[in-house]
Amino acid sequence: MLVEILFYSFATIVVLAGAGVIMARNPVHAALSLVLCFLTSAVLWMLIEAEFLAIVLVLVYVGAVMVLFLFVVMMLDINIEEMRRGFRRYVVPGAVITAMLVAEIVGVIVQRRLGLDVTRGAVPLPPGYSNATDLGIALFTRYAYAIEIAAMLLLVAIIAAISLTMRRRRGLKVQDIAAQVGVRASDRLRVVKMDAEPRQ
Amino acid sequence: MNPQLLLAIPLLPLAAAIIAGLAGKLIGRTGAALITIAGVAAACVLSVQVLWALLHGAPPWNAPVYTWLVSDNVSMQVGFLVDRLTALMMVVVTFVSLCVHVYTMGYMRDDPGYQRFFAYISLFTFSMLMLVMANNFMQLFFGWEAVGVVSYLLIGFWYTRPSAIFANLKAFLVNRVGDFGFLLGIAGVLYYTGSLDYQTAFSWAPGIAARTMTILPGHAWSAMTVICICLFIGAMGKSAQVPLHVWLPDSMEGPTPISALIHAATMVTAGIFMVARMSPLFEYSDTALSFVMVIGATTALFMGFLGIINNDIKRVVAYSTLSQLGYMTVALGVSAYSVAIFHLMTHAFFKALLFLTAGAVIVAMHHEQDMRKMGGLRHRMPLTYWTSVIGALALIGTPFFSGFYSKDALIEAVGESHRYGASYAYFCVVAGVFVTAFYTFRMIFMTFHGEERLDHHAKEHFHDVGWDMKGPLVALAIPSLLIGFFTIEPVLFNGYFGSAIRVLERNDVVAEIGREFHGAANFALHSVLSLPLYLAIAGVVSAWYLVLKRPALATSIQQRFSWLYRLLDNKYYFDWFNENVLARSSRALGYGLWRGGDQAIIDGVLVNGSAGAVGWFAGVARALQSGFLYSYAFWMIVGLVMLLGWFLVRL
Amino acid sequence: MINPALNESTLTLASLAPAITEIALATGICAVLMFDVFAGRTWRYLTHGLTLVVLAICAWLTLSVGAVATRTVLFDGLYVADKLGVFLKLAALMATALCLFYSQHYLDRRRIHGGEYDILAMTALLGISVLISANNLLTVYLGVELLSLSLYALVAFDRDSGIAAEAAIKYFVLGAIASGALLYGMSMLYGLTGTLSLDKLALVSASHGAGFVIAVAFIVVAVAFKFGAVPFHMWVPDVYHGAPSSVALLIATAPKLASFALVMRLLVYGLGADPVLWVQMLTALAVLSLLLGNILAIAQTNIRRMLAYSAIANVGFILLGFVTADTAGYRAALSYTLVYVLTTLGSFGVLLLAARSDGEADELDDFKGLGTRDPLLALLMLGLMLSTAGVPPLVGFWAKLWIIQALLHTHHLGLAILAVLVSVIGAYYYLRVIWYMYFDAGREQTPIPRQAGTRLALGLNTLAVLALGLLPNVLLSLCERLIGAP
């Protein structure tokens, strides 16, 4: 009972925070809403006894990714009005579509035809069970292939990021110190010898 | 027999044709000639080997080589059916083709299209071999059309001459009519048997014979009769039977070697071969066979008449070919398929010989074809003279010559037949003997005998032909003389064709003749007691009388019977009818449809109207692609909601 | 605690043989990457050649080591190897190699040819391979992401091009939405069945609740996005138009094979117990794609946008093959995909070669007078356009015919009629290119670079289109061998 109360209250916060991400006028507020969203999700994971994942979520997403994200948002001067101009035009049809989607999903749940009743809820784990060990074993045995592919995925991300940013733009005016130092007089100076012009 | 070897027979000429055609400049004139001759010679040797193997007990080969595609359980294959019928055709085709290849070296010596010509005739050899070796209707049709295409190309070989272009267009159009029937026939076979394979189709034949189809309401037709007549209409086009014969005389616009190869010895006999090959089908329809017989008899006699009044040496031979094709068709019509094929073989040799001698005369005369400007040439070109006399004697059916055996057997077979219309056919083929003898020797006398009527130019430039042209003449003269004597007994009476040709017991006229047959020599001696020999002699004598003895008489006859002369001179007004009635009315119909149907309804309403509608819709739909990211995302979500909603509502 | 999955015997080297393509490719990627990093300016031009060598080695290894006779499952069911997979991988290897080969000159002339380009193409290929061999929802997702991420980066590769950056952003954001949909659908499936394995999903009984509908709908959305089917097609024209032509070429070809494999593995196999759901969804998508793709293609003046809409229309055809939900239809879809990839390689190849050094040859007007400016290229384009339009002696005709046949055999008369009708509409804009090439005078007079090697490859490419059209049985029997009887 306590678990269910906790679940529903935190789930509500997740949804509200999610709505906050897209509704907030200020991008910093939006980012903070996202942080809240992650935090509450971590709590939800705690409730199904996935402690390790919950902590990783907080550490990686909240601690690293979102902080980076906040930096970027603050550094870029985003014109909110510009961004929202299209948004307003889409409010009405967007709301209609969202309502339909929600109605569809709710309809399914309310009429209990979801089909989820075939699977049981999470079975309580025995005391002393180590989430991290089990995860580790699974990852490096059963999911070894997936891990390898995920590693390649990260490699691609690195390559993509580097190749899209580390690039000398054409026509950029920057100093090349080495070239400046290494310059020789003969490169810059041309001595031209010519006869003096006869007096008119 | 191994399939690689069989495959090599058509493919060697094809390879030679491709090399000579595409790399003609590279390998030069001699190179093109040598490579195609080598290809055809190899095919000829291999064909002889195949025939040899079959004669010595090898079983017929029948298997697919390559499956081109399978659609709705109908498999379209390339496959070979090589039995004795096929092997005989293969030897005839490759041998005559080889002779013509060699002959061409001399005939076309000065022509700028030398390599192209060799490429064409080699390609023709390939197509013809594919046709005769086919084991299914698809490949038969391919070969059928391929020889048609090459024939079209070769008739128009000298494409700068308007008459050549007219002639090849005519050949093309007339053959379309025939091919339409042929295609309908094949479709009929496919409809009733569900297979394009000969063996399967033939095994269904009794079943089809029992079925009827309704084309006009209220009239039930035997399905087999309809199929066979349709197939035969194809043969009528290709083998130039009345009324689809009009293209063959005009095809003489092509170079003479191809007149010999395509329009005398091989392609035009494809129709005869096809009907013989389809004998298991035709046997089940007496109506169709009667139709075949009447058409053939009409062609045999009435086309012979046209040869009498012509003065163009090649056209005389061409009308003779038409008449002889009529003979073969009559033989088919009385179920004497083996006799038809036998006559096809002997005819291939002696008619090719006659064409090639005519070609030699034409070359010697500097491309003069009018016999009125020849005469007395026997002293100037003795070898050509003697070989052409051999050909002529074979053609008119002189005892012991090859033509005699096939023609006499044919006439006797017609005499034995009791099919509806057989007496008309018998009259035609017997009367045809006189006509044949008359025009053949009229040609010989006008060309080689009498006084020289050469004009100044021809006299000055006259030169006898070289051995590259004489060689093939000799090579063809030998079989023209001898082949009938040596092969009549094995081919006709000793069951040579085996299962390749099927004749029902009640139709078997060849067996009737076989009962009275006591050896080839006896057969020849027996002819002294028969009418055709005397008719032939009468024909030769009257030709001699009218051409050499009393030329004035011929002129007075011509004046006396001027209406008859006009009828013959206008070729029974077939061309006039085709051009003024058929062509003109179809042009009028086409014009009407173009203006009314095409321009007004299709272009105006359907095409422009629907194009306008599509264009308008495209403009509207284009607006959806706004270029804004959130619009794209929005439409994605809309799509998702629609997909979901559609199913949830229905669930 | 010992996990039961930790089974010593599965970890021998020989047992990994069926996965040799991915292993070799991943190794090759690392090797080329290291080479490119340490080679320095002098040797870096070799990266491109080295990439082609790596691809060739991968193809050879796939054939010699990786070819499997029967369905083999590896890595605890994450990975499946079968004849279809081996063939699709070979096709993808070949398509990618051809793409890189055709693009070399184009990239060099624009000075955007870095080693990263080849490496990203290879990682995209690795993603395709992973997808082709996926036997688990997790692998499916990883494959999709590996492929997509590489393609996003490639689209943005020309940093100096604003339009490319815009296309990349659109592709990326929409792709993220699609990935979200895919993940959501997968999580629904997991919640409903408790498994990620496609083998086990395939056994799940058809009696399921409405939750299944939601799961399938979300998954179909993602699949449709990858294919570029209406209404999830919006990215296609913008990406084809915005990305460098060489990248558009890559996106238009090999990933189509991956999308085909995605449907085969995920829908046909994994959700095959009850195909009714996704069949009806795909029907709707196919009809919309055919109509909208063909009609919008007419309104385009840019040939790359035209080809993009043509791609959408062709995807409609491929989906029609799946709509039949029988083996003949899947075969028809496979042959259509192969034919489409082959033909598109050729037509984009011509486009790349005809591109001006300062820009693209992508306005339809640029093709005016190509017939006199460069007869060979015009001839190749003629053959390719006719094939795409479905003119008989060329293979495109057979591909369309087989789809329509499969539809008729499963009594989808209406869809068959629609397919024929839109083919007629489609013929218009393919023929229009031909019209421009041969019957309009062009203003562009600069000669097109010789590039004998590329021309030879393009010629062979077009010849293959013709040869397969003349010998359609080759393709047909191949597809029959790959997708067996039910």
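Colleague: In chain C, what share of the contacts with a separation of 6 or more comes from residues 24 or more positions apart?

Modeller: That share is 79% for chain C. Keep in mind that we're looking at a predicted model. Chain B can be read in a similar way: take its contacts between residues at least 6 apart in sequence, and 80% of them join residues at least 24 apart.

Colleague: What does the radius of gyration say about chain C?

Modeller: Start from what a compact globule would give. For 486 residues that is a radius of gyration near 23 Å, and chain C comes out at 22 Å, so the two agree. Along the principal axes, its C-alpha atoms fill a box of roughly 75 × 60 × 40 Å. As for burial, 62% of the residues of chain C count as buried. Its secondary structure consists of 21 helices and two strands.

Colleague: And what is the secondary structure of chain B?

Modeller: Chain B has 28 helices and four strands. Its radius of gyration is 28 Å, close to the 26 Å from the globule rule for 651 residues, so chain B is as compact as a globular protein of that length. The C-alpha trace spans about 105 × 60 × 55 Å along its principal axes. Buried residues account for 52% of this chain.

Colleague: Let's take a single helix. How far apart are the end C-alpha atoms of helix 24 of chain B?

Modeller: Work out the expectation before you look. At 1.5 Å a residue, the 19 residues of this helix (531-549) should span 27 Å; the end C-alpha atoms are 25 Å apart, which agrees.

Colleague: Which residues of helix 24 of chain B are buried?

Modeller: Pro532(B), Leu533(B), Leu535(B), Ala536(B), Gly539(B), Val540(B), Ala543(B) and Val547(B). Look down the axis of helix 24 of chain B and these buried residues fall within an arc of 165 degrees, so they line one face of the helix. On the other side, Leu531(B) and Lys549(B) are exposed.

Colleague: What do the buried residues of helix 24 of chain B pack against?

Modeller: Four helices of chain B: helix 17 (382-396), helix 18 (402-416), helix 19 (422-448) and helix 25 (551-560).

Colleague: Now one residue. Is Cys44(B) buried or exposed?

Modeller: Count the neighbours around its C-beta atom. Cys44(B) has 24 other C-beta atoms within 10 Å, and the cut-off for burial is 20 or more, so Cys44(B) is buried. You'll find Cys44(B) in helix 2 (residues 24-55) of chain B. Leaving out residues up to four places away in sequence, Cys44(B) touches Thr94(B), Phe95(B) and Leu98(B). Met133(B) is 89 residues away from Cys44(B) along the chain, with 14 Å between their C-alpha atoms.

Colleague: How do strand 1 and strand 2 of chain B pair?

Modeller: Check the direction, then the bridges. Strand 1 (residues 61-71) and strand 2 (residues 74-82) of chain B are antiparallel, with nine bridges. To find the register, start at Ala63(B), which stands opposite Phe80(B) in strand 2. The two strands form a hairpin with two residues between them, and Asp72(B) in the turn has a positive phi of about 50 degrees.

Colleague: Last one: how many residues of chain B are in contact with chain A?

Modeller: In general, the size of an interface is often given as the accessible area lost when the parts come together. Here we can go by residues: nine of chain B are in contact with nine of chain A. The chain B side divides into eight nonpolar residues, one polar and no charged.

Methods
Residues are numbered from 1 along each chain as its sequence is written. Chains are lettered from A and ligands numbered from 1 in the order in which they are written. This is a predicted model: local features need pLDDT of at least 70, side-chain atom pairs count only at pLDDT 80 or more; totals for chains, interfaces and linings use all residues. The expected span of a helix is 1.5 Å times one less than its number of residues. A residue is buried if 20 or more other C-beta atoms lie within 10 Å of its own, exposed if 12 or fewer, and partly exposed in between; C-beta atoms are placed from the backbone. The arc is that of the directions from the helix axis to the C-beta atoms. Two residues are in contact if their C-beta atoms, placed from the backbone, lie within 7 Å. The radius of gyration is taken over C-alpha atoms; the globule rule is 2.2 Å times the number of residues to the power 0.38. Two strands pair if DSSP finds at least two bridges between them. Ala, Val, Leu, Ile, Met, Phe, Trp, Tyr, Cys and Pro count as nonpolar, Asp, Glu, Lys and Arg as charged, and the others, Gly among them, as polar.
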